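Reader: Hi! Could you walk me through this one? I'm new to reading structures.
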Amino acid sequence: MVKAVVFDVGETLISEDRIWSRWADRLGVSRFVLMGALGGMAALDRPHGDAFELVRPGFDLAAEEAAWERDDPGGPRNRFDADDLYPDVREALAALRAAGYQVIIAGNQPRRAYDALVAMDLPADSVHTSEGWGVAKPEPGFFAKVAAVAGREPGEILYVGDRLDNDVLPAGRAGMRTALLRRGPWGYLHAERPQAEAADAIVDDLHAVLPALRRLT
């Protein structure tokens with residue numbers, strides 16, 4: 001029986017629209033161009049960083065981030081805040097906790113994202129980032145950390161995310177139950193793939209997670 005629900009961050013809880021829009025402005029291309037390039041990377045199973053290389057050959061992410069910080073030290077740059085939360089997040093997480101489930105947030109995020117998420121005061125029992133753990137999805141060690149912080153057996157955990165490659169498939173291999181969220185470019189594309197059948201549930205929003213859990217038990 002599932003006792004803990006663990007959520008990915010980007011395009012699960014947080015809309016990345018403003019972040020990518022700011023990147024487009026920074027790179028000097030239209031937002032349509034960068035969003036289209038990102039969609040292409042998703043369809044081709046290439047990392048999103050390749051979209052930067054596509055629109056700016058020779059792109060150096062670390063150097064560009066450092067330059068951006070120097071140019072705009074007080075700006076939001078490639079960071080998120082409470083305004084980037086999807087509108088269903090607070091209510092859906094609160095409903096899960098009210099139903100007796102442990103709620104955890106754990107995704108591939110830089111250490112600074114921890115502070116941003118904690119500042120939102122979300123209805124979650126704990127928040128974790130890959131950089132804070134020193135291991136990232138889809139590595140098995142990430143999901144071992146998830147089970148450890150939850151204090152649960154893998155089969156007692158439902159992992160919710162928008163990707164097959166980073167979320168559903170590796171969490172399933174770790175022995176967890178999984179839900180694929182049709183949200184963001186990867187979510188919509190991956191839900192159409194045959195491998196999506198590996199998910200215990202495919203949901204259109206976070207409100208659908210609790211009913212899906214009730215069907216699983």
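Author: Happy to! One term to start with: helices and strands here are DSSP runs, numbered from the N terminus. With that, we can place threonine 12: it lies in the loop between strand S1 (4-7) and H1. Keep in mind that this is a predicted model.

Reader: Okay! Is threonine 12 buried or exposed?
Author: Threonine 12 counts as buried, because its relative accessibility is 0% and the cut-off for buried is under 20%.

Reader: And which residues is threonine 12 in contact with, leaving aside its neighbours within four places in sequence?
Author: Among them are Phe7, Val160, Asp162 and Leu206. Tyr86 and Arg183 are on that list too.

Reader: Where does the charged end of arginine 183 sit?
Author: Over the ring of tyrosine 86, 4.0 Å from the ring's centre.

Reader: Cool. New topic: how many aromatic pairs does the structure hold?
Author: Eight. One of them joins tryptophan 23 and tryptophan 68 edge-to-face, at 4.7 Å centre to centre with 65° between the planes.

Reader: Which parts does that pair tie together?
Author: Tryptophan 23 is in helix H1 (residues 17-27) and tryptophan 68 is in helix H4 (residues 61-71), so the pair ties together parts 45 residues apart in sequence. Both tryptophans, 23 and 68, are buried.

Reader: What about phenylalanine 52 and phenylalanine 59?
Author: They form a tilted pair, 4.8 Å centre to centre and 35° between the planes. Phenylalanine 52 and phenylalanine 59 are both buried as well.

Reader: And which residues do ring pairs link into a cluster?
Author: Trp20, Trp23, Phe52, Phe59 and Trp68.

Key. Residues are numbered from 1 along each chain as its sequence is written. This is a predicted model: local features need pLDDT of at least 70, side-chain atom pairs count only at pLDDT 80 or more; totals for chains, interfaces and linings use all residues. Side-chain values use heavy atoms; hydrogens and water are left out. Rings of Phe, Tyr and Trp (its six-membered ring) pair if their centres lie within 6.5 Å; planes under 30 degrees apart count as stacked, over 60 as edge-to-face and the rest as tilted. Helices (H or I, at least four residues) and strands (E, at least two) are DSSP runs, numbered from the N terminus. Buried means under 20% relative accessible area, exposed over 50%, partly exposed in between (1.4 Å probe, protein chains only). A charge sits over a ring if NZ of Lys or CZ of Arg is within 6 Å of the ring centre and within 35 degrees of the ring normal. Contact means heavy atoms within 4.5 Å.
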